[in-house]
Amino acid sequence: MLRARSGNEELALAEPLIAAIMSFCRGDYAGAVESISAIRAAADQCGGSVAQCDLIHLTLLEAALRGRRKRLARTLADERTVRKPASRLNRWLKARAWALGTARLAT
């Protein structure tokens, strides 16, 4: 797992993040999950804004949802809901994650 602490190490996050976004855009949700999972912990420590880190986490969660990775999607949605239980977005994401496997996924 990458550990970003300096400017150079932060730049090391760019390549896997770009790969993840490109995979996501191509509909390769498994590839996006793999790429983002590899940098997720380091992204939280890279010194980026809360919004930048949140974008990484939201992309991972959406890739898990679209890739039908039920356990991962539920875990990620639950983590978000625990941190901000009043968030309508988090409640909606959690509902989508828990609906996986029981009905067609609403987007």
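Helices, here, are DSSP runs of H or I with at least four residues, and strands are runs of E with at least two. On that basis, the protein chain of this predicted model contains five helices and zero strands. Read from the N terminus on, the order of elements is simply α-α-α-α-α. Of the 107 residues in the protein chain, 36% are buried. Among contacts with a separation of 6 or more, 51% join residues that are 24 or more positions apart.

A good place to begin a closer look is the pairing of α3 with α4. Two packed helices are described by the angle between their axes and the distance between the axes. For α3 and α4, the angle is about 145° and the axes lie 8 Å apart. The crossing of α3 past α4 is left-handed. On the α3 side, the contact is made by D54, H57, L58, L60, L61, A64 and L65, and these meet L72, A73, L76, A77 and R80 of α4. Sorted by class, the residues of this contact comprise nine nonpolar, one polar and two charged.

The loop between α3 and α4 holds a backbone feature worth a glance. R68 is found in this loop, and its phi is positive, at about 60°, although the residue is not a glycine. The relative accessibility of R68 is 44%; this value falls between the 20% and 50% cut-offs, so R68 counts as partly exposed.

The helices also enclose some empty space. The count of cavities of 30 Å³ or more comes to one, and the largest cavity holds about 40 Å³ of space. Its lining is formed by R40, H57, L61, L76, E79, R80 and R83. Both α3 and α4 give two or more residues to this lining, with α4 giving the most, at four residues. By class, the lining of the largest cavity has two nonpolar, one polar and four charged residues.

Open space is found as well, and the largest pocket contains about 300 Å³. The pocket is lined by 15 residues, of which V50, D54, H57, R80 and R83 are the closest to its centre. Two or more lining residues come from each of α2 (29–44), α3 (50–66), α4 (70–83) and α5 (88–99). Here α3 gives the most, with four residues. The lining of the largest pocket divides into three nonpolar, five polar and seven charged residues.

One residue brings these descriptions together, and a short portrait of H57 may help the reader find a way around the model. H57 lies in helix α3 and takes part in the contact with α4. H57 also belongs to the lining of the largest cavity and is among the residues closest to the centre of the largest pocket. Is H57 buried or exposed? With a relative accessible area of 11%, H57 is buried, because buried means under 20%. Leaving aside neighbours within four places in sequence, the contacts of H57 are with R40, D44 and R80. Two of these partners can be followed further: R40 and R80 both line the largest cavity. R80 is, in addition, one of the α4 residues that meet α3, and R80 is listed with H57 among the residues closest to the centre of the largest pocket.

How values were computed. Residues numbered from 1 in each chain as written. Predicted model: local features only at pLDDT ≥ 70, side-chain atom pairs only at ≥ 80, totals over all residues. Heavy atoms only, no water. 1 Å grid on protein atoms, 1.4 Å probe; cavity = no way out; pocket = protein on both sides within 12 Å on 5 of 7 lines; lining within 4 Å. Points joined across faces, edges and corners; volume = space filled by probe spheres on them. Nonpolar A, V, L, I, M, F, W, Y, C, P; charged D, E, K, R; others polar. Axes fitted to C-alpha atoms, helices over the stretch in contact; angles between N-to-C directions. Left-handed = near helix turned anticlockwise from the far one by under 90°. Contact = heavy atoms within 4.5 Å. Buried < 20%, exposed > 50% of the residue type's maximum accessible area, 1.4 Å probe, protein only.
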